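Work through the exercises below with the structure in view. Each task is followed by a solution that goes step by step.

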Amino acid sequence: MFYRRAGILHTRYQDERQLWPFAFDRGLVATVLAILLVAPFAFDRIYLVTYLLPWIIWSSAALGLNLLMGGAGQVHLGYGAVMGIGAYASVHLLRAGIPLELALLAGGLASAAIGSLFGAAALRVKGLYLAMATLAMQYIVDFIISHFSIISGGSQATLQVPPVRFLGVSLASDAAAYYFALLICVGIVLFMLNVRRTSFGRALAAVREKDYAAAVIGVDSFRFKLVAFFVSSFVGGMVGCVMAVSYYRAVSPDQFHLDLSIQLVAMVIVGGLGSVLGSFFGAALILFAPIVLNHAVAFGADTFGVGISADLRAHLPLMLYGAMIVGFLLWEPLGLAKIYNNARNYFMVWPLRHNR
Amino acid sequence: MEFALILELSVNGIFIGLMYALVAAGLVLIYKTSGIANLAQGALAMMGAYVVWAISAQLGAPMWLAIPLGLIVMFGAGLLTERLALRRMIGQPVIMVIMLTIGIEIMLRGVLPGIFGAAVKKLDVGIPNDPLFIGDILINRATMIGGLISLALVALSIAFFNSRLGLMMRAVSDDQMASWSVGIRVDRAVAIAWGLSATMATTAGILWGSTQGVDWSLSLLLIKALAIAILGGLDSIPGVLLAGVLIGLAESLATGLLDPLVGGGTRDVVASVIILLTLLLRPHGLFGREHIERV
């Protein structure tokens, strides 16, 4: 129906190789992008700052983690720590007077360097041991950040981000901060969409499927895993910087605890391993489902008088994350992206029943 | 540094390490039979403590009844987890199974404090809390008794592996396909391992709950248990005992000697450092079988 395939005849190779070969997909992407671009003028400030901005930032982070988990098949339970390294590195540079453009890259590089250092240690083992090594990394980085006052400014301290400019535009207003986050997000999306079409992306896919099979056909699996760690940590560090500069506008150690790592892992799994679109779906569900549920509970308490205790309400998000991870893994391991794809495939040939 | 202080830290550290070892033994049990690291082990310990607390405080049962009832309930919970969740994941990549156990961990950490309230619960199982003096050194009586109980339980589980059922489980851990072909019901062995591991977690939860109170922080036992299991070798129960003692010692000494220098908090990072060092230097641990594939 919508996604009409009939009548689309590619006559040149570059037509077939484009990112979105169907006209409807291109239209959809353009519409979403247009809505995101006019959002600061169309929506209330409160929606922009509390919903749209965190969605954009968390989706970018989920994309970075997805490169590692979905692309290369490596578990990472310490991605929050990676983002923390980037955020702290860049904020310290900003406070020292370095411009944001450089601090952003430097934050990414710092994350990438430390992240792949841990990666090199962790990648000597795999699977389950890798999960534990990255978990250990999360705790160690947490400890170092909060206990070395030269980094955190004391264990309870918050470092303010000074007023910054990006490409000559001050990021003091909410709209400017939003456009900054959106720009980085679009950059990451374009990178993620294209990386799977390069030899690097194909090598990662080979490593993900079976690392010694990849080694047999000449893909150095250790090297590519390490590069995947490097790239993914670089993205994580940049997003950490964006998070500090345009969302929190300050950094403190508790922003990058295990909770953030778990949240991101949940986003990747719920959204769909290896899917760009899925990262956005997953981030939206994980960020907003607790809020919606909370509103529903409040509504239920007001209208039907079925109140629940404050403790239960405070723990609803955790229950929901856990239940969603378990539920998706059991019933739809490829996540929301797969559900979307099923619907898309159905509508592709709509009056008929089968695609292909 | 005076000798008596170090001795005191070491003795108490050893008992605490033995109490950690009980959680780790449950991890090893599941790993041995099914090759899965159960990252929900800490949450199971927390759940066990909550269940025992609920039976004794909410339903008013005396403690001698509440503990066996709690153990039975948790055995059932372990069986159910395996049957409803883990069994459906057979044949999936290991990353999926790990994520599933993490999902269970997060869910339990939300559900139990959510239902029973987040405030710290007092779980009194009759272990006296007053300290014990031997010469100059002060020993925490609660951790000593806890440590001795878990030592006994871990020793019991070593003996269990020599029983008929234990032999069956060892066969399953050795080679699932071969066990199947000689008539061992692999699925049942794995289910029993989950049940037993949940009861072990419960005893650990009760012991820890009686010393520090019952709340969500019991699930943090996971990281210590992981460190112990990895250091001991993931498939070795005797390794758990030695590694437990080592980690208890390291933690206690770090807390006593390093904390004044760096301003506290070393207790939580010792386990992580040990995990990382073990994986770097000797990935199969002290006693584990060398079958980890290096890349």
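A nonpolar core is a set of buried Ala, Val, Leu, Ile, Met, Phe, Trp, Tyr and Cys residues joined through C-beta atoms within 7 Å. The model used here is predicted.

**Exercise 1. The nonpolar core**

Task: State how many residues the largest nonpolar core has, and which of them have the most contacts inside it. Then find which helix gives the most to this core.

Solution.
- Step 1. The largest nonpolar core has 204 residues.
- Step 2. Those with the most contacts inside it are Ala181(A), Ile325(A), Ala24(B), Ile228(B), Val240(B) and Ile275(B).
- Step 3. With 15 residues, helix α1 of chain B (residues 3–34) gives the most to this core.
- Step 4. Take Ile228(B) and leave out its neighbours within four places in sequence: Ile228(B) is then in contact with Tyr20(B), Ala21(B), Ala24(B), Val240(B), Ala243(B), Gly244(B) and Ile247(B).

**Exercise 2. Helix α3 of chain B**

Task: Compare the expected span of helix α3 of chain B with the distance between its end C-alpha atoms, and find where its buried residues lie around the axis.

Solution.
- Step 1. Helix α3 of chain B covers residues 63–84, which is 22 residues.
- Step 2. At 1.5 Å a residue, α3(B) should span 32 Å; the end C-alpha atoms are 31 Å apart, so the two values agree.
- Step 3. The buried residues of α3(B) are Ala66(B), Gly70(B), Met74(B), Ala77(B), Gly78(B), Thr81(B) and Glu82(B).
- Step 4. These residues cover an arc of only 135° around the axis, and therefore lie on the same side of α3(B).
- Step 5. On the face turned away from that buried side are the exposed residues Trp64(B), Leu65(B) and Pro68(B).
- Step 6. The cover over the buried residues of α3(B) includes α2 (41–58), α4 (94–116) and α8 (186–212) of chain B.

**Exercise 3. Two residues of helix α8 of chain B**

Task: Are Ala191(B) and Ile192(B) buried or exposed?

Solution.
- Step 1. Ala191(B) has its place in helix α8 of chain B, and Ile192(B) is found in helix α8 of chain B.
- Step 2. A residue is buried if 20 or more other C-beta atoms lie within 10 Å of its own.
- Step 3. Ala191(B) has 21 C-beta neighbours inside 10 Å, so Ala191(B) counts as buried.
- Step 4. Ile192(B) has 21 other C-beta atoms within 10 Å, so Ile192(B) is buried.
- Step 5. Not counting residues up to four places away in sequence, Ala191(B) touches Leu79(B), Glu82(B) and Arg83(B).
- Step 6. Distances can be added to this picture: the C-alpha atoms of Ala191(B) and Leu231(B), 40 residues apart along the chain, are separated by 26 Å. For Ile192(B) and Val111(B), 81 residues apart along the chain, the C-alpha separation is 25 Å.

**Exercise 4. Annotated spans of chain B**

Task: Which residues of chain B does the UniProt annotation "transmembrane region" cover?

Solution.
- Step 1. According to the unreviewed UniProt entry, the annotation covers residues 6–29, 36–55, 61–81, 93–118, 138–161 and 189–210 of chain B.
- Step 2. The span 61–81 of chain B is 90% helix and 0% strand, with its end C-alpha atoms 26 Å apart.
- Step 3. The span 189–210 of chain B is 100% helix and 0% strand, with its end C-alpha atoms 32 Å apart.

**Exercise 5. The contact between the chains**

Task: How many residues does the contact take from chain B and from chain A?

Solution.
- Step 1. Chain B gives 41 residues to the contact and chain A gives 39 residues.
- Step 2. On the side of chain B that touches chain A, α4, α9 (221–232) and α11 (266–281) of chain B each supply at least two residues.
- Step 3. α4(B) gives the most to this side, with 17 residues.
- Step 4. The residues of this side of chain B divide into 29 nonpolar, seven polar and five charged.

**Exercise 6. A positive phi in chain A**

Task: Where is Arg249(A) found, and what is its phi?

Solution.
- Step 1. Arg249(A) is found in the loop between α11 (221–248) and β4 (250–251) of chain A.
- Step 2. Its phi is positive, about 60°, although Arg249(A) is not a glycine.
- Step 3. Most residues other than glycine have a negative phi.
- Step 4. Arg249(A) is partly exposed, with 18 other C-beta atoms within 10 Å.

Methods. Residues numbered from 1 in each chain as written. Chains lettered and ligands numbered in written order. Predicted model: local features only at pLDDT ≥ 70, side-chain atom pairs only at ≥ 80, totals over all residues. Helix = DSSP H or I, 4+ residues; strand = E, 2+ residues; numbered from the N terminus. Expected span 1.5 Å × (residues − 1). Buried ≥ 20, exposed ≤ 12 C-beta atoms within 10 Å, placed from the backbone. Arc of directions from axis to C-beta. Contact = placed C-beta atoms within 7 Å. UniProt positions renumbered as here; feature names shortened; annotations may be inferred. Nonpolar A, V, L, I, M, F, W, Y, C, P; charged D, E, K, R; others polar.
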